[in-house]
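Dear colleague,

Please find below the structure that I am handing over to you, followed by a summary of what was found in it. I would be grateful if you would read the summary beside the model.

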Amino acid sequence: MTAPLTVAYFSMEVGLEPDLPTYSGGLGVLAGDTLRGAADLGVPMVAVTLVHRKGYFHQHLDTKGTQSETPAEWSPESRLEPMPQRVGVTIEGRTVLVRAWRYLVRGLLGVVPVYLLDTNLEENSEWDRRLTDTLYGGDLHYRLCQEVVLGVGGVEFLHAAGHDSVTTYHMNEGHAALLILGLLEEFAGGQVPQEVSEEAREVIRHRCVFTTHTPIPAGHDQFPAELVRGVLGEPAASLLLACDGCLDGILNMTGLALTFSRYVNGVGMRHEEISRGIFPGYPINSITNGIHALTWAAEPFRELYDRHFPEWRRDNLYLRYVINVPPGEIAVAHEACKRQLLAEVDQRTGVKLDPSALTLGFARRAAAYKRADLLFTDPDRLRRFAHTAGPLQIVFAGKAHPRDEGGKAQIRRVFEAAANLKADVRVVYLEEYDIALARLLCAGADVWLNTPLKPQEASGTSGMKAAVNGVPSLSILDGWWVEGCLEGLTGWAIGEDGGKPGDPEREAASLYDKLEHVIVPLFYDRPLAFAEVMRSTIALNGSYYNAQRMVAQYVRNAYAISAEECEGRSGREVPGIRSVSSAASCPAA
Ligand SMILES: *Cc1c(COP(=O)(O)O)cnc(C)c1O
């Protein structure tokens with residue numbers, strides 16, 4: 001890596017610390033892990049997000065599992081460093097002032113500054129001051145305004161803060177796509193141009209990289225033309241609505257990002273395939289997600305790894321050598337993690353789970369497609385084998401988006417099943433799923449369960465967090481598990497592989513078969529063999545599905561600019577774009 005290459009990473013949510021409510025789920029946690037990985041590898045990167053003063057929300061569940069929410073307010077004033085710069089973005093013809101708070105992600109070889117944009121300034125109207133308050137809050141109008149602050153405000157803020165050598169703008173999901181509008185303005189010398197010239201398009205394409213995160217067409221941000229015209233005004237609205245990726249007068253943020261990116265990727269091999277089907281004609285690649293191993297490895301496993309190969313902290317590939325660690329040591333480390341989880345369950349709910357019983361973990365955003373209730377398809381069968389084969393207990397957690405009625409219904413169904421199964425299978429649902437709870441759950445469960453409806457899971461990352469703690473997955477073959485599952489070595493597959501939508505009944509039957517005939521007997525009758533599965537889970541998947549590998553792949557495949565490209569570009573003077581035309585933007589060839 002040479003210094004002049006600077007990546008600006010834009011994400012609507014970033015999980016910086018467990019108690020900073022600036023994230024909602026997988027996307028934000030992945031963003032945080034990406035920044036931690038970049039800081040570890042010394043990749044020159046800066047990041048932009050919104051401050052989210054009221055966070056996502058605090059989750060409350062009543063005895064029936066009905067969710068209610070309260071704001072998760074926090075004060076950046078008491079935690080972050082204020083930046084003196086102010087920039088303005090135009091929203092509905094008004095100038096909205098934007099400031100930022102800085103958080104530093106410190107890694108092994110570098111530091112990644114993160115700017116959390118904030119519109120809560122006296123100069124702004126009451127309504128504008130609330131624009132950066134609530135993550136995924138409000139209606140479409142509020143969301144579009146937030147995306148203007150993130151994209152356009154972010155590009156301007158980076159310049160104001162002196163980050164003039166950005167060679168790559170990385171859009172983490174379509175929420176960040178309005179940074180393209182910021183770059184179009186910049187190219188035109190500070191004003192929105194009347195049209196996008198071929199030259200402007202090429203220059204901007206050379207600077208942008210886009211990662212898409214959902215394989216569900218409805219999951220992509222889309223704004224109707226009327227709203228876009230109201231918020232952005234002319235000529236910005238017409239400019240964006242005319243882009244190739246926007247059909248039928250709808251501003252599709254994914255379409256916009258696809259049109260203006262030199263490199264596009266999905267977050268797993270299967271997701272690449274599905275995305276190519278949704279967006280034919282665009283060259284979509286894949287870089288499979290990874291988790292920040294040091295963040296997600298629980299203390300007993302950190303100690304175990306430190307004892308055998310302390311190099312693992314700076315180079316996660318050393319986790320491959322776990323394959324030679326005696327399985328008994330893995331089992332001991334896991335017992336400690338399980339005790340911690342059960343103590344937490346006891347403390348939060350008063351329920352005393354059995355440390356010797358097979359414990360399944362299931363925690364993720366409560367959304368209909370995640371199917372938290374698939375396990376309860378046939379409660380009688382579950383009851384039967386829990387009595388004959390060995391006891392079973394299950395720990396759930398997960399928040400539903402405040403307006404996702406389908407997700408909320410999932411939580412209620414788990415509560416209902418828990419009540420029905422009470423005498424036979426113990427089921428607990430913990431409130432307030434966040435990074436801290438995820439750390440306990442992913443490490444403390446014996447088996448990590450995932451039952452999404454195919455092909456809707458782009459990647460999934462909690463199974464990777466489990467893997468770095470030796471916890472094998474039992475999962476539908478979707479997302480990362482299509483590539484991460486080695487039957488009997490890293491866990492077990494539910495159902496068959498194939499791009500077709502899943503058949504819930506057959507999948508449930510497969511889930512019960514695997515539990516009853518494979519996992520339960522292995523767990524109770526052959527504990528050493530079970531520990532060997534844990535061991536190969538770490539060696540095969542812990543060593544690979546981590547943020548060091550992921551960030552290195554972004555550097556090689558997405559961020560790197562080849563010597564020829566550098567020469568081609570340095571020969572051309574491009575007005576208005578700082579650094580693209582100068583040799584300084586190219587790594588020394
Ligand atoms: C890792 C994580 C997620 C994402 O998990 P998936 O397996 O991708 O669903 C969501 N929320 C929190 C708090 C997490 O730590």
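Helices (H or I, at least four residues) and strands (E, at least two) are DSSP runs, numbered from the N terminus. This is a predicted model, in which local features need pLDDT of at least 70 and side-chain atom pairs count only at pLDDT 80 or more, while totals for chains, interfaces and linings use all residues. Residues are numbered from 1 along each chain as its sequence is written, and side-chain values use heavy atoms, with hydrogens and water left out.

Backbone features

P455 lies in the loop between β18 (447-450) and α17 (462-467), and the peptide bond that leads to P455 from K454 is cis, with omega near -5 degrees. A second cis peptide bond runs from E234 to P235, with omega near 0 degrees; P235 is placed in the loop between α7 (225-232) and α8 (236-241). H52, in the loop between β2 (45-50) and β3, has a positive phi near 50 degrees although it is not glycine. For context, most residues other than glycine have a negative phi, and most peptide bonds are trans.

Domains and their interface

The domain assignment, which is automatic or taken from a database, divides the chain into domain 1 (7-290) and domain 2 (293-545). The centres of the two domains, taken over C-alpha atoms, are 32 Å apart. Domain 1 brings 38 residues to the contact and domain 2 brings 41, where contact means heavy atoms within 4.5 Å.

Between them, domain 1 and domain 2 bury about 3000 Å², with 57% of it on carbon and sulfur atoms. Buried area here is the accessible area (1.4 Å probe) that two parts lose on being put together, summed over both. On the side of domain 1, Q59, L61 and R270 lose the most area to domain 2, together 21% of what that side buries.

Two salt bridges are counted between the domains, a salt bridge being a side-chain nitrogen of Lys or Arg within 4 Å of a carboxyl oxygen of Asp or Glu. The side chains of R270 and D497 form a salt bridge at 3.2 Å, N to O. Across the interface of domain 1 and domain 2, 15 residue pairs are in polar contact, both residues being at pLDDT 80 or more. A polar contact is a pair of N or O atoms within 3.5 Å; within protein, one must be able to donate a hydrogen and the other to accept it, and residues adjacent in sequence count only if both atoms are side-chain atoms.

Salt bridges in the whole structure

A search of the whole structure gives 35 salt bridges. One joins the side chains of D128 and R94 at 2.8 Å, N to O. This pair links distant parts of the chain, with D128 in helix α3 (residues 126-129) and R94 in strand β7 (residues 94-106), 34 residues apart.

Ligand surroundings

Of the 14 residues around the ligand, K370, G460, T461, S462 and K465 come nearest; a residue counts as near if one of its heavy atoms lies within 4 Å of the molecule or strand concerned. An N or O atom in the side chain of K370 is 3.0 Å from an oxygen atom of the ligand. For T461, a backbone N or O atom lies 2.9 Å from a ligand oxygen atom, and for S462 a polar side-chain atom lies 2.4 Å from an oxygen atom of the ligand.

With kind regards
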